Amino acid sequence: MIFAAAVHDYEHTGTTNNFHIQTRSDSAILYNDRSILESHHVSAAYRLLQDDDEMNIFYNLSKDDWRELRALVVEVVLATDMSCHFQQVKHMKTFLQQPEGIDKPKALSLLLHTADISHPAKTWDLHHRWTLSLLEEFFRQGDKEAELGLPFSPLCDRKSTMVAQSQIGFIDFIVVPTFTVLTDMTEKVVSPLIDEASNSLTGFRCSSLNSMSCEDAKWGSQRSSVSEGSPAENCSLLAVDLKNFKALWSEQVLQNRDRWKTQATKETEEKAIREVEEERAMQKATLMGQTEPIETETTEGKRDKRETQDKLNSPDEGETGERIKKHEGERTQHGDTKSPKDNETENKDQQLKLGK
Ligand SMILES: [Zn+2]
């Protein structure tokens, strides 16, 4: 798991899979447009191990263990592709309704995927820093897209991206549902083990599944009531407090969400002011008989140019562009009043993109 986590973004290009597809990069051709970056992360990491004995930390593994580990690493890292997100969460939910045990690669995949998008569950300073860095990466991709005459991918236009608003959507539609299903899954996996552990307090044997020491299990506020020095003290299972885990992450996520909410109000006001100013500038320019006014025209011009590049534009991208354009129109008319449902559709691409 730690190995998979360590390599899961190895040699990331700082651009999205879709950008690779649109620009027909070497990797896109090599991996046939499918989970391009994720395929590269695993492949390049394994190549390192393979090409240099000194790097090969799995040198002493038996053939079977090596194969089993490799299959697991490949599956877990490929599942960090955000385009798998909705299906992954849905599958796990269905799985949890069934009486059978949970598939190990699926469980580990969800764990890594959640960790991958977990910054909104960290303290504000960390979460805020991650958000800004991530957005800067997107904006740089947007700069490249503009240079290449490609349409902006969601969240990549540094001039119009609503940072706070997009984080709220990301939290509501991606982060919270993922953490919720992870919590449910953990409960299903760990609860029987906790029961087993507390039932056999005497002559206790730590399960091999338990690799976390009591010291690591800091999330448990109600530490085990077992007296010091008892055999169970060494077992973290009894220190795991699942209820508190849920309370902890949801409290932190909600706190962060509140901070974004405050910023989103400001963001919307600023945008409204900007739009009014642009509108005025447009009117003034038109009155003065200028044919090529400001900003908006430039953007439109670029769009027209892009739209002629049919081959580069997938139908989906075109649609998204149209939809956003349409909403921009609505916003100007109705003073940015959108129903949550509108937001949902419009932001789906954006939220997916926030997970990397
Ligand atoms: Zn990542």
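**Exercise 1. The overall fold**

Among contacts in the protein between residues at least 6 apart in sequence, what percentage join residues at least 24 apart? Determine this share, and describe the make-up of the model.

*Solution.* Contact means that heavy atoms lie within 4.5 Å. Of the contacts between residues at least 6 apart in sequence, 71% join residues at least 24 apart.

This is a predicted model, in which local features need pLDDT of at least 70 and side-chain atom pairs count only at pLDDT 80 or more, while totals for chains, interfaces and linings use all residues. Residues are numbered from 1 along each chain as its sequence is written, and side-chain values use heavy atoms, with hydrogens and water left out.

Next, consider the elements. Helices (H or I, at least four residues) and strands (E, at least two) are DSSP runs, numbered from the N terminus. The protein has 13 helices and zero strands.

Finally, consider burial. A residue is buried under 20% relative accessible area, exposed over 50%, and partly exposed in between (1.4 Å probe, protein chains only). Of the 356 residues, 39% are buried.

**Exercise 2. Confidence**

State the average pLDDT of the protein, and identify two stretches where pLDDT stays under 50.

*Solution.* The predictor's confidence in each residue is given as pLDDT, from 0 to 100. The average for the protein is 80, and 72% of the residues score at least 70. One stretch under 50 is residues 204-230, for which the model has 41 contacts beyond four places in sequence. Another is residues 293-346, with 49 such contacts. Where pLDDT is low, the predicted coordinates should not be read in detail.

**Exercise 3. The zinc site**

Which residues coordinate the zinc ion? Give their spacing along the chain and state whether H8 is buried or exposed.

*Solution.* Donors are N, O and S atoms within 2.8 Å of the metal (3.2 Å for Na, K and Ca); water is not among the atoms, so sites may look incomplete. The zinc ion is coordinated by H8 through NE2, and by D9 and D116 through OD, at 2.1 to 2.2 Å. Along the chain, these donors follow the spacing H-D-x106-D.

H8 counts as buried because its relative accessibility is 13%. D9 has a relative accessible area of 29%, so D9 is partly exposed. D116 is among the buried residues of helix α7.

**Exercise 4. Salt bridges**

How many salt bridges does the count come to? Examine three of the pairs.

*Solution.* Side chains of opposite charge can pair when their charged atoms come close. A salt bridge is a side-chain nitrogen of Lys or Arg within 4 Å of a carboxyl oxygen of Asp or Glu. By this rule, the count is seven.

1. R67 pairs with D64, with the closest N and O atoms 4.0 Å apart. Both lie in helix α5 (residues 63-78), three residues apart, about one turn of the helix. R67 is exposed, because its relative accessibility is 52%; D64 is exposed as well, at 54%.
2. R140 pairs with E136 at 3.0 Å between the closest N and O atoms. These two residues are separated by about one helical turn because they stand four residues apart in helix α8 (residues 124-148). E136, R140, D143 and R158 are linked in a network of salt bridges.
3. R257 and D172 meet at 2.7 Å, N to O. R257 lies in helix α10 (residues 242-287) and D172 in helix α9 (residues 163-199), so the pair ties together parts that are 85 residues apart in sequence.

**Exercise 5. Two helices and a loop**

Compare the spans of helices α4 and α7 with expectation, and name helices that cover their buried residues. Then locate I102.

*Solution.* The expected span of a helix is 1.5 Å times one less than its number of residues. Helix α4 (residues 36-51) has 16 residues and reaches 22 Å from its first C-alpha to its last, close to the expected 22 Å. Its buried residues include I36, L37 and Y46, and their cover includes α1 (2-7), α2 (17-23), α3 (26-30) and α5.

Helix α7 (residues 104-116) has 13 residues, which should span 18 Å; its end C-alpha atoms are 18 Å apart, in agreement. The cover of its buried residues includes α1, α5, α6 (85-97) and α9.

I102 is placed in the loop between α6 and α7. Beyond its neighbours within four places in sequence, I102 is in contact with residues including M92, A107 and V189. I102 and T186 are 84 residues apart in sequence, and their C-alpha atoms are 10.0 Å apart in space.
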